[in-house]
Amino acid sequence: METISIINAKDYVDQKVRIGVWLTNKRSSGKIAFLQLRDGTAYFQGVVVKNNVSEDVFKLAKEVKQEASMYVTGTIHEDKRSPFGYEIEIEDIELVGQSEDYPITPKEHGTDFLMDHRHLWLRSKRQFAIMQIRNEMIRATYEFFNKEGFIKLDAPILTGSAPEGTTELFHTEYFDKDAYLSQSGQLYAEAGAMAYGKVFTFGPTFRAEKSKTRRHLIEFWMIEPEMAFMHQEQSLEIQERYIAYLVQKVLENCDYELDILGRDKEVLKRYTELPYPRISYDDAIKLLQESGKFPDVKWGEDFGSPEETYLAEHFSKPVFVLNYPKAIKPFYMKPHPTREDLVVCADLLAPEGYGEIIGGSERATDSEYLAEQITKAGLNKDDYEWYLDLRRYGSVPHSGFGLGLERAVTWITGEDHIREAIPFPRLLNRIYP
Ligand code: 4AD
Ligand code: MG
């Protein structure tokens with residue numbers, strides 16, 4: 001007899017198997033007990049019929065508590081009524097770990113309570129589905145970029161640089177020096193692109209943002225591809241193919257999870273159709289002004305979430321907004337060839353109100369221009385000498401972008417809040433558990 005995972009039940013119909021499981025819920029009458037089981041790969045039902053098992057086993061089935069762990073032995077049957085499609089008719093139960101008064105009961109709980117119990121909440125079905133989809137997106141990311149000839153380059157977490165501005169830095173001590181937690185791996189990815197052509201970083205990044213929104217985390221994971229000998233137009237093509245690939249792979253490999261979440265797959269399919277629309281920042285401002293919904297919108301300002309939502313809804317697919325004002329973007333972006341007030345960049349806005357999921361640009365290639373921008377941004381030029389070296393020794397046109405993993409997971413899973421897209425969210429006022 002084999003010990004299997006629930007997800008493989010379909011391969012063992014009418015066979016006797018053993019599975020290590022936890023109990024999520026149960027229902028029983030005098031003659032039959034229905035145990036809702038999970039093992040981390042899927043959720044299904046175990047049926048214990050009094051007349052077919054020993055007295056001890058039936059007693060255990062009736063008494064076992066929520067989240068107790070056990071080995072169940074029995075025969076797999078098809079179960080057309082359940083979403084999973086299979087169940088196990090249990091013959092034997094071997095209790096492994098007791099569980100008393102599990103705090104998360106099938107009733108409704110408030111968000112704070114659930115966040116305090118995040119280490120247990122992760123066992124719930126929706127959270128399971130989201131984490132599986134997150135995992136698929138990470139897997140598909142490595143697959144996509146490896147197929148495209150990128151190598152993964154690991155950027156440091158402890159750094160002395162502040163690519164995305166000094167207001168959101170997490171300061172720490174580095175022996176007798178100052179250091180910051182990485183805001184972005186980009187500057188290191190640029191060094192990597194000059195060394196290996198096409199690279200991507202993937203790691204945690206930190207923003208000490210005092211904003212409490214549905215879209216912001218203090219610690220989030222970012223995928224940052226960087227490509228040498230590449231202009232912005234080609235980078236946009238990679239970006240849209242990458243996003244369509246992520247959506248496609250989730251559709252292919254996470255059908256069960258999308259069903260658990262009740263995510264509309266027809267809507268997701270639309271996002272696999274390329275190209276995505278492109279609109280200039282200038283035209284985006286006009287569109288917002290003409291809509292009559294945003295009387296206060298002025299050229300030169302960054303978009304808030306209502307503006308981003310409106311723009312993406314207007315196109316019903318992710319939309320690239322190109323060439324923002326230089327004044328509201330970081331120092332490293334390439335200046336626009338004919339418009340002094342713009343930089344060559346794009347944000348990708350997701351539909352359905354999820355806002356910016358990618359920020360990217362072509363990079364400035366001239367070391368003197370860059371040195372000037374660094375000083376203007378209030379940064380210490382000495383800390384960026386290594387970065388300026390990239391322009392001193394064989395500078396080439398190059399472009400890159402950053403996808404916020406949790407923003408993308410929130411959007412693809414259709415969740416309301418970004419805290420659901422990461423196992424242990426770091427939020428304003430929350431670092432527990
Ligand atoms: O637009 P951002 O700040 O761009 C960069 O960091 C560039 N260095 C990327 C690059 O060109 N290599 O961040 C990129 C993405 C955003 O589009 C968003 O998806 C995500 O990172 N992001 C956040 N996600 C969650 N919480 C936050 N506080 C985030 N800030 C940015
Ligand atoms: Mg941005």
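**Exercise 1. Find which strand gives the most to the shell around ligand 1.**

Start with the candidates. Strands here are DSSP E runs of at least two residues, helices are H or I runs of at least four, and both are numbered from the N terminus. The elements that put two or more residues into the shell are S12 (219-228), S16 (355-362) and S17 (398-404). Of these, S16 comes out on top, with five residues.

Before going on, a word on the ground rules. This is a predicted model, where local features need pLDDT of at least 70 and side-chain atom pairs count only at pLDDT 80 or more, while totals for chains, interfaces and linings use all residues. Residues are numbered from 1 along each chain as its sequence is written, chains are lettered from A and ligands numbered from 1 in the order in which they are written, and side-chain values use heavy atoms, with hydrogens and water left out.

**Exercise 2. Describe the residues around ligand 1 and their polar contacts.**

Step one is to gather the neighbours. A residue is near the ligand if one of its heavy atoms lies within 4 Å of it. There are 24 residues around ligand 1, and those that come nearest are Glu164, Gln186, Glu209, Glu224 and Glu356.

Step two is to sort the shell by class. Ala, Val, Leu, Ile, Met, Phe, Trp, Tyr, Cys and Pro count as nonpolar, Asp, Glu, Lys and Arg as charged, and the others, Gly among them, as polar. The split is eight nonpolar, eight polar and eight charged residues.

Step three is to look for polar contacts, meaning pairs of N or O atoms within 3.5 Å. Arginine 207 has a polar side-chain atom 2.9 Å from an oxygen atom of ligand 1. Tyrosine 332 has a side-chain N or O atom 3.4 Å from a nitrogen atom of the ligand. Isoleucine 358 uses its backbone instead: an N or O atom there sits 3.5 Å from a ligand oxygen atom.

Last, check the cover. Accessible areas come from the Shrake-Rupley method with a 1.4 Å probe, and for residues only the protein chains shown count as cover. Ligand 1 taken alone exposes 620 Å², and the protein buries 93% of that.

**Exercise 3. Work out how S11, S12, S17 and S16 are joined.**

Two strands pair if DSSP finds at least two bridges between them. Begin with S11 (residues 198-206): nine bridges join it to S12, and the two run antiparallel. Glycine 203 faces methionine 222 of S12 across this pair.

Move on to S12 and S17, antiparallel again, with five bridges. Here glutamate 226 stands opposite glycine 400, and methionine 227 is opposite serine 399.

Finally, S16 joins S17 through five bridges, also running antiparallel. Isoleucine 358, the residue with the backbone contact to ligand 1, stands opposite leucine 403.

**Exercise 4. Decide how well S12, S17 and H13 are covered.**

You need the cut-offs: buried means under 20% relative accessible area, exposed over 50%, and partly exposed in between, using a 1.4 Å probe and protein chains only.

For S12, eight of its ten residues are buried. For S17, the count is seven of seven.

Now split S17 by face. In a regular strand the side chains alternate between the two faces of the sheet. His398, Gly400, Gly402 and Gly404 lie on one side of S17, with Ser399, Phe401 and Leu403 on the other, and all are buried.

Then take helix H13 (residues 405-413), where nine of nine residues are buried. Among them are Glu406, Arg407 and Trp411. Glycine 414, just after H13, takes a positive phi of about 75°.

For the wider view, buried residues make up 51% of the 433 residues in the chain.

**Exercise 5. Count the disulfides and check cysteines 254 and 345.**

A disulfide is a covalent bond between the sulfur atoms of two cysteines. The test applied is a pair of cysteine sulfur atoms within 2.5 Å. That gives zero disulfides. Cysteine 254 is buried because its relative accessibility is 2%, and cysteine 345 is buried too, at 0%.

**Exercise 6. Place lysine 65 and say whether it is buried or partly exposed.**

Locate the residue first: lysine 65 is in the loop between helix H1 (55-63) and strand S5 (69-78). With a relative accessible area of 36%, lysine 65 is partly exposed. Its C-alpha atom is 8.0 Å from that of aspartate 101, which is 36 residues away along the chain.

Notes. Polar contact = N/O pair within 3.5 Å; in protein donor to acceptor, adjacent residues only side chain to side chain.
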